[in-house]
Protein chains: 2
Amino acid sequence: MTDPDLLSLKALPTPALLLDEWRMMRNITRLAERATGLGVSLRPHLKTAKSLDVANRVTGGAPGSITVSTLAEAEIFHNAGHSDILYAVGIALQKLERVQALRAQGCDLVVILDNQAQAQAVARANVPALIEIDSDGHRGGLRPDDPVLIQVGRILHDSGCLRGVMTHAGESYTVRGVEAHADFAELERKATVSAAEVLRGAGLSCAVVSVGSTPTAHAARDLTGVTELRAGVYMFFDLVMAGIDVCTPDDIALSVLTTVIGHQPAKGWTMIDAGWMALSRDRGTASQDVDQGYGLVCDENGLVLNDLIVSSANQEHGIVSLRPGADKPMPNLPVGTRLRILPNHACATAAQHDRYNVLQQGGGPMKTWDRFGGW
Amino acid sequence: MTDPDLLSLKALPTPALLLDEWRMMRNITRLAERATGLGVSLRPHLKTAKSLDVANRVTGGAPGSITVSTLAEAEIFHNAGHSDILYAVGIALQKLERVQALRAQGCDLVVILDNQAQAQAVARANVPALIEIDSDGHRGGLRPDDPVLIQVGRILHDSGCLRGVMTHAGESYTVRGVEAHADFAELERKATVSAAEVLRGAGLSCAVVSVGSTPTAHAARDLTGVTELRAGVYMFFDLVMAGIDVCTPDDIALSVLTTVIGHQPAKGWTMIDAGWMALSRDRGTASQDVDQGYGLVCDENGLVLNDLIVSSANQEHGIVSLRPGADKPMPNLPVGTRLRILPNHACATAAQHDRYNVLQQGGGPMKTWDRFGGW
């Protein structure tokens, strides 16, 4: 095993996960400035990154408010000094002991829930919670006019555990363009602000009104009544986000370095040593206007080779070919050629790797940042 | 973090990867007996398992002949005593140094290749190789009648590096039933035996004739001329294999334990704490006769709840619902209910986890077996 810290990009074994730090910093700055302009605080979601080094950069160099998707993330980030954490997956009752243990260590860990069984258990455990609101029919949550909202709110309020409401417009990923995303942002705002009004109207506390997804966070025009914004994949971006015009391929900070290992010339196939184990099985662009297969191919320096995609993937093999309808010939990519693959879905691709190989603008020494997984 | 060694299944935090050891042992025995009956040696592929404990069981308790998909696997398994290893992904030239280092430590590590650039580099590095043969148009490899076969063979032979030929009928996964798989097994046999004859006819050595995929290994009727059989996913099996009749759901040894965290009653949705991070993004049954979504739902004891599937998955959320056309009502699954999800693709699901929680028949104490990843 070689220590990538000692290696240049040219010597890095493949497949390997690359992170362009300057692209990431540009993405981080862009959304931070948006949040400031909208008058809300930003609570970045670290489920994509799962890295202390990325966390440090996204919270501006000092511990800040963050969102997580697992208790493993909460434990690791709290251990590194982050003490204001939202665990944004509906709480499983069995996990409350670990939540309590973290809170006893001084972590202000807040959970989310959408039903009475959870509310009763959370109230008994004396853990603060946000009520999940369904703003778009995508997943969990209560509609603002659901009578269960006040029942759940009262259980939490009466035990001092009601912090507020939250929503996530997952359906915003299915539409394209800033106008469509702004509409979903308004759905998020309206649903949560309505729910907060319902709760307050019943005499229940509701300090926090939390909304967000990467598409809506980049499109929202007005967040009146909202207190905080959440987003996650924006720090890296990916082809799914580019496919709905939240970013361009040039904003994508994450890629997989790979090596050409063979060809099937009659079929126009170039074989690479990155299969789904390195790229993930995510096919998020399959339902978009432009299907990017298992990823868009770039040269070793990150220049997009238009119309060249990973059209098929086995566990450790990828097949690179021209996309259907391409009007150029297949480029010459001899055995040994190194390529970069832009991912469909940064969360899924990053999860296949245990480290980021971090590239600095202008070609300074490569850094290695660990990433973690598990629950 | 809790040590699962100390836990019973009832107390295991979710999501978690479960392995039924007795089902795995039944699957291992089944294919070992087939190989003996067919008169070939078995070289199990450990890319699915990536576990020393599974390797130990699949090779009968002593180090044996194995197949791997990464050099990380080769290094870890060799370190544990396995010294007869086929690395069955076309060799990237940059990886030859690590191959040489392992060989210098006494590991008989053999690589595969299908072109002259690879053959020249491998010959210079004095590394033994099998030539990959294309038996079904699925991926890489040379057709037996391709004139490049003899050119590549001669480069290897002249440097003492030609061990033989190998193929993998990946297309066998796309057809259903033992007759169809037997046809692919015969394609594998014919292509490799023909290639071996071409090489031998040119005065080149070809000791090894290696074939295999899980479907063809379970269906082959005659392997005359073949010396060894390879297969990987058979030790665990999965819904993709069940969907093409290589196994039944009762043979599937791998599952993901999960907890119900909420409901959307109007939609017939039950939310669970296993999303694609725990199940993988693999949708291998999407193109089969029965689409199992992101997995088939069982009760906590592993009893299949027919017609209940994970119909949708976010990163840490799954949505359980009845499959289209189900003629039963949605069962009552209160918050806190624990379920098991059978995976579409064992290789992809196992790769999302760092350990197996191993269940013994009859409910003996649960064991924990580590698994590894990386390259």
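I take contact to mean heavy atoms within 4.5 Å, and I count a residue as buried when its relative accessible area is under 20%. The model I am reading is a predicted one.

**Entry 1. Helix H7 and what covers it**

I began with helix H7 of chain A, which runs over residues 178-201. H7(A) has 24 residues, and I found that it reaches 34 Å from its first C-alpha to its last, close to the 34 Å expected at 1.5 Å a residue. I then listed the buried residues of H7(A); among them are His181(A), Phe184(A), Glu188(A), Arg189(A), Val193(A) and Leu199(A). Several alanines are also on that list, including Ala182(A), Ala185(A), Ala191(A), Ala195(A) and Ala196(A).

Next I looked up what lies over these buried residues. The cover includes three strands of chain A, E6 (129-132), E7 (162-166) and E8 (208-211). It also includes helix H6 (147-158) and helix H8 (214-217) of chain A. After H7(A) comes Gly203(A), for which I noted a positive phi near 80°.

**Entry 2. Helix H3**

I turned to helix H3 of chain A, residues 71-79, and found it mostly covered, with 7 of its 9 residues buried. The buried residues are Leu71(A), Ala72(A), Glu73(A), Ala74(A), Glu75(A), Phe77(A) and His78(A). I note that the list holds Glu73(A) and Glu75(A) as well as Leu71(A) and Phe77(A).

The buried residues of H3(A) pack against helix H2 (52-58) and helix H4 (96-104) of chain A. They also pack against strands E3 (65-68), E4 (84-87) and E5 (108-113) of chain A. Just after H3(A), I found Gly81(A) with a positive phi of about 110°.

**Entry 3. Chain A as a whole**

I counted 11 helices and 17 strands in chain A. Along its principal axes, the C-alpha trace of chain A spans about 70 × 40 × 35 Å. I compared the radius of gyration with the globule rule: a compact globule of 375 residues would have a value near 21 Å, and the 22 Å of chain A agrees with this.

Of the 375 residues in chain A, 61% are buried. Among contacts in chain A with a separation of 6 or more, I found that 65% come from residues 24 or more positions apart. The accessible surface of chain A is about 13100 Å², and carbon and sulfur atoms hold 51% of that area.

**Entry 4. Cysteines**

I searched the whole structure for disulfides and found 0 over all chains. A disulfide is a covalent bond between the sulfur atoms of two cysteines. Why is Cys161(A) not bonded to Cys206(A)? The cysteine sulfur closest to that of Cys161(A) is in Cys206(A), and at 14 Å it is too far for a bond; the cut-off I applied is 2.5 Å. From the other side, Cys206(A) is in no disulfide, and the sulfur of Cys161(A) is its nearest, 14 Å away.

I also checked whether these residues are covered. Cys161(A) counts as buried because its relative accessibility is 1%. Cys206(A), at 5%, counts as buried too.

**Entry 5. Backbone exceptions**

Most residues other than glycine have a negative phi, and most peptide bonds are trans. I looked for departures from this.

The peptide bond from Thr14(A) to Pro15(A) is cis, with omega near -5°. Pro15(A) lies in the segment before strand E1 (16-20) of chain A. In chain B, I found a cis peptide bond joining Thr14(B) and Pro15(B), with omega about -5°; Pro15(B) lies in the segment before strand E1 (16-20) of chain B.

Asn126(A) is not a glycine, yet its phi is positive, about 60°. I located Asn126(A) in the loop between helix H5 (116-125) and E6 of chain A, and it is exposed, with a relative accessible area of 52%. Ser280(A) also has a positive phi, near 85°. Ser280(A) sits in the loop between helix H10 (276-279) and strand E12 (296-299) of chain A, and at 3% relative accessibility it counts as buried.

**Entry 6. The two copies**

Lastly, I laid chain A on chain B. A turn of 180° with a shift of 0.0 Å along the axis gives an RMSD of 0.0 Å. The two copies are therefore related as by a two-fold rotation axis. Which residue of chain A comes closest to the rotation axis? I found Arg281(A), with its C-alpha at 2.5 Å.

I then compared the interfaces. Of the interface residues of chain A, 100% are also interface residues in chain B, so the copies meet through the same surface.

Methods. Residues are numbered from 1 along each chain as its sequence is written. Chains are lettered from A and ligands numbered from 1 in the order in which they are written. This is a predicted model: local features need pLDDT of at least 70, side-chain atom pairs count only at pLDDT 80 or more; totals for chains, interfaces and linings use all residues. Side-chain values use heavy atoms; hydrogens and water are left out. Copies are superposed by least squares on the C-alpha atoms of residues with pLDDT of at least 70 in both. Buried means under 20% relative accessible area, exposed over 50%, partly exposed in between (1.4 Å probe, protein chains only). Helices (H or I, at least four residues) and strands (E, at least two) are DSSP runs, numbered from the N terminus. The expected span of a helix is 1.5 Å times one less than its number of residues. The radius of gyration is taken over C-alpha atoms; the globule rule is 2.2 Å times the number of residues to the power 0.38. Accessible areas come from the Shrake-Rupley method with a 1.4 Å probe; for residues, only the protein chains shown count as cover.
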